[in-house]
Amino acid sequence: MSTPAYRFPSGKELTRLPKLASPLLRFNLPAELRRLRGEASWRRVTGRSSKTLAKYPDFHIVLVLMKANTQMNKHHVDARISIYCLEGRLRVRLLKQVVEVPAGELIALDYAIPHKLEALEESAFLITISWPGGTKEERHAWKQSMS
């Protein structure tokens with residue numbers, strides 16, 4: 001039995017990768033990490049591999065695996081995010097502070113805060129991203145209203 005596709009409040013169906021927006025998603029994170037370690041992306045120079053686990057219009061969950069001493073350069077997301085460290089130890093550099101996030105800890109960042117992320121040792125973590133509004137257009141309208 002297949003799961004129905006996600007529907008926007010307008011009734012429009014999500015057509016791109018609907019399995020990432022099913023009404024119920026369930027994951028075995030150790031198995032997902034084993035798969036990531038086996039992928040070609042894990043052997044690339046970036047030292048990073050990731051997989052989007054959930055992709056609703058207003059909410060994403062991404063599993064990320066990073067080798068020791070690798071980083072994601074300074075960036076921001078027009079959303080609120082959380083970073084939950086599953087394995088290893090991360091350093092998150094914000095504008096005015098540096099936060100170390102060991103395995104088992106979670107941090108949350110408010111809307112659009114610039115940050116740089118470093119893996120101090122081989123690390124696995126979940127990033128959740130939550131946007132106001134369900135569509136890209138609604139998010140941009142919300143962002144404009146906040147300016």
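The following paragraphs lead through the fold of this protein, from its overall make-up to its sheets and cores.

The structure is a predicted model, in which local features need pLDDT of at least 70 and side-chain atom pairs count only at pLDDT 80 or more, while totals for chains, interfaces and linings use all residues. Residues are numbered from 1 along each chain as its sequence is written, and side-chain values use heavy atoms, with hydrogens and water left out.

The protein contains 3 helices and 9 strands; helices (H or I, at least four residues) and strands (E, at least two) are DSSP runs, numbered from the N terminus. In order from the N terminus, the elements are α-α-β-β-β-β-β-β-β-β-β-α. Of the 147 residues in the protein, 35% are buried, where buried means under 20% relative accessible area, exposed over 50%, and partly exposed in between (1.4 Å probe, protein chains only). Contacts, defined by heavy atoms within 4.5 Å, often link distant parts of the sequence: among those with a separation of 6 or more, 63% are between residues 24 or more positions apart. The accessible surface is about 9100 Å², and carbon and sulfur atoms account for 53% of this surface. Such areas come from the Shrake-Rupley method with a 1.4 Å probe; for residues, only the protein chains shown count as cover.

The strands may be followed sheet by sheet, with two strands taken to pair if DSSP finds at least two bridges between them. One open sheet has 5 strands in the order β1-β2-β9-β4-β7, with antiparallel pairing. Its edges are formed by β1 (48-56) and β7, each of which has a single partner strand, so one side of each is left without a neighbour in the sheet. From one strand to the next, the twist averages 15 degrees. Within this sheet, 8 bridges connect β2 and β9 in the antiparallel sense, and Leu63 has Leu126 in β9 as its bridge partner. Helix α1 (residues 29-38) packs on the sheet, where it touches β1, β2, β4 and β9, and its direction makes about 55 degrees with that of β2. For such angles, axes are lines fitted to C-alpha atoms, for helices over the stretch in contact, and the values run from 0 to 180 degrees between N-to-C directions.

Another open sheet has 4 strands, ordered β3-β8-β5-β6, and its pairing is antiparallel. Here β3 (70-75) and β6 are the edge strands; each has a single partner strand, so one side of each is left without a neighbour in the sheet. Strand β5 is joined to β6 (residues 98-102) by 5 bridges and through a hairpin of 4 residues. Across this pair, Val92 stands opposite Val99, and Arg89 stands opposite Pro102. With β8, β5 pairs over 4 bridges, and Arg93 faces Lys116 there as its opposite residue. The side chains of β5 alternate: Leu90 and Val92 point to one face and are buried, whereas Arg89, Arg91 and Arg93 point to the other and are not.

The interior can now be described in terms of nonpolar cores, each a set of buried Ala, Val, Leu, Ile, Met, Phe, Trp, Tyr and Cys residues joined through side-chain atoms within 4.5 Å. The largest core has 19 residues, of which Val64, Met66, Ile83, Leu90, Leu117 and Phe125 touch the most other members. Two or more residues of this core come from each of β2 (59-66), β4 (80-87), β5 (89-93), β7 (106-109), β8 (115-119) and β9 (123-130). Apart from this core lies another, of 12 residues, including Trp42, Leu53, Tyr56 and Leu126.
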